[in-house]
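Student: I have a model open and some labels to check. Can we go through how each one is justified?

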Amino acid sequence: MGSCAAHAAASRGARVLLLERFDLLHHRGSSHGESRTIRDAYPQPHYPPMVRLARRLWADAQRDAGYDVLTPAPHLDLGPRDDPALLATIANGGATELPAAGGARPAWADAFRVPEGWTAASGDLGGVIKATKAVAMFQALAAKMGAVVRDRVEVVDIARKQGEGTTIVVRTSSGEEFHGAKCIVTVGAWTSKLVKSVTGADLPVQPLHTLICYWKIKPGYEHELTTEAGFPTFASYGDTWIYSTPSMEYPGLIKISMHGGPPCNPDGRDWAIGPGEGGLVDPVARWIEKVMPGHVDTAGGPVLRLPCMYSMTPDEDFVIDFLGGEEFGRDVVVGAGFSGHGFKMAPAVGRILAEMALDGEARTATEAGVELQHFRIGRFEGNPMGNATSF
Ligand SMILES: Cc1cc2nc3c(=O)[nH]c(=O)nc-3n(C[C@H](O)[C@H](O)[C@H](O)COP(=O)(O)OP(=O)(O)OC[C@H]3O[C@@H](n4cnc5c(N)ncnc54)[C@H](O)[C@@H]3O)c2cc1C
């Protein structure tokens with residue numbers, strides 16, 4: 001998010017400094033790795049406009065960079081026929097129910113054995129984004145627009161300079177100070193810690209340990225499950241939320257993982273990727289056995305397991321707001337709590353954060369029909385669950 005915000009602000013002609021605590025493109029946060037899904041199928045109606053805005057900005061960035069990071073694909077949603085979130089997704093128009101059998105079904109649908117009482121719905125607007133490549137692209141584009149990008153710089157404090165009302169001072173662990181008119185905070189799983197130490201406020205952004213799992217495709221189906229063959233990204237609703245990207249980065253393997261995971265301390269992780277893994281592997285294996293038994297091999301577990309972190313809000317809605325208070329007013333903006341589904345919207349979020357910082361409001365969001373009130377910090381005041389609904 002920070003790289004996209006830096007690019008958006010630099011593109012407006014602002015003098016931008018992007019600070020990263022670890023090495024650029026490190027694997028210790030939430031945005032590294034080979035793939036993220038993009039889909040506009042969402043149960044909450046406030047996300048599809050942001051996905052559509054992001055798609056436009058992904059295309060612009062790819063054009064400016066001269067290479068692609070997003071591979072379009074169909075998208076499939078499936079799950080229990082009475083699942084409220086799945087029903088809401090279909091009602092929002094992001095996915096159309098597939099017939100149980102017959103010629104109107106895409107050929108790839110045969111890879112799924114949709115259980116009794118379940119339904120499957122598909123749409124055209126799925127896709128796979130190469131995650132690390134995309135972050136590198138936005139950092140390079142930001143630098144090209146004049147942003148200064150520095151890594152191995154840990155921000156430890158943000159304050160307003162005493163006696164100089166318009167200056168925000170950012171201090172680092174090595175004692176450096178940077179002065180600017182505005183500040184955008186996008187520190188992922190470290191948000192609660194940093195905001196607490198800067199303002200004393202408790203922002204409910206909980207880091208979670210999660211796992212990306214790659215499974216072996218059964219012999220003979222390796223090509224069928226690829227993006228080249230038109231295989232979809234998919235999400236499975238119900239008690240366990242399962243998501244997948246088609247076979248792409250590791251030929252012969254497909255990524256099928258489970259949303260969520262146990263709470264973790266981003267500064268004290270054990271990197272565990274053992275069997276069971278807090279229930280992050282076995283439910284996926286059981287799901288594959290139930291829904292894709294003919295095509296994916298679960299014997300011996302996933303071939304690859306890669307750790308990652310979510311930064312969860314109680315309602316899984318993002319936090320995009322001014323940090324506020326007397327000290328910061330509208331000069332410090334925070335983007336956080338992307339709850340395991342923010343990557344696809346990163347260029348839109350970056351643009352919104354940059355406009356909020358530079359203009360005090362996000363005109364692009366308004367024009368695109370993105371309703372920012374869902375992402376306000378104030379939703380948690382006296383209501384710890386924020387926007388949470390039955391799904
Ligand atoms: C396994 C997995 C699968 C996912 N799948 C999808 C998907 O399919 N589709 C989708 O849309 N989204 C997906 N997501 C979610 C998406 O990747 C995240 O929402 C997004 O990457 C969050 O970005 P971020 O900028 O908030 O956090 P990060 O990428 O972690 O960035 C925060 C940065 O701040 C830096 N930082 C922290 N503290 C400081 C400090 N004090 N000073 C300086 N720098 C600091 C960190 O080092 C880090 O680089 C997935 C996430 C995971 C983990």
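Tutor: Start with the domains, and remember that this is a predicted model. The shell around the ligand takes at least three residues from domain 1 (2-27 + 133-205 + 315-366) and at least three from domain 2 (36-129 + 206-312).

Student: Which residues come nearest to the ligand?

Tutor: Gly29, Gly188, Cys308, Phe338 and Gly342, out of 31 residues around the ligand. Three elements give two or more residues to this shell: strand S2 (36-39), strand S11 (206-217) and strand S16 (304-312).

Student: What makes a residue count as one of those around the ligand?

Tutor: The cut-off is 6 Å from the C-beta atom, placed from the backbone, to the molecule. The 31 residues of the shell are counted on that basis.

Student: Which element gives the largest share of the shell?

Tutor: S16, with four residues.

Student: What is the make-up of the shell by class?

Tutor: There are 14 nonpolar, twelve polar and five charged residues. Gly counts as polar here, so Gly29, one of the nearest residues, goes into the polar class.

Student: Why are S11 and S16 called paired strands?

Tutor: Pairing needs at least two bridges. S11 and S16 have nine, in the antiparallel sense, so they pair. One example is Tyr214, whose bridge partner in S16 is Leu304.

Student: How do you know that S11 pairs with S14 and S15?

Tutor: Apply the cut-off of two bridges again. Strand S14 (residues 253-258) is joined to S11 by three bridges. Strand S15 (residues 296-297) is joined to S11 by two. Both counts reach the cut-off, so both pairs qualify. Each pair runs antiparallel. Tyr214 stands opposite Lys255 in S14, and Ile217 stands opposite Val296 in S15.

Student: What makes S11 mostly covered?

Tutor: Ten of its twelve residues are buried. For each of those, 20 or more other C-beta atoms lie within 10 Å.

Student: Where is Ala229 found?

Tutor: In the loop between S11 and strand S12 (233-236).

Student: Why is Ala229 called partly exposed?

Tutor: Ala229 has 14 other C-beta atoms within 10 Å. Buried needs 20 or more, and exposed means 12 or fewer. The count of 14 falls in between, so Ala229 is partly exposed.

Student: Which residues does Ala229 touch, leaving out those up to four places away in sequence?

Tutor: His223 and Glu224. The cut-off for contact is 7 Å between C-beta atoms. By contrast, 43 Å separates the C-alpha atoms of Ala229 and Val153, which are 76 residues apart along the chain.

Definitions and conventions
Residues are numbered from 1 along each chain as its sequence is written. This is a predicted model: local features need pLDDT of at least 70, side-chain atom pairs count only at pLDDT 80 or more; totals for chains, interfaces and linings use all residues. Domain bounds come from an automatic or database domain assignment. Two residues are in contact if their C-beta atoms, placed from the backbone, lie within 7 Å.
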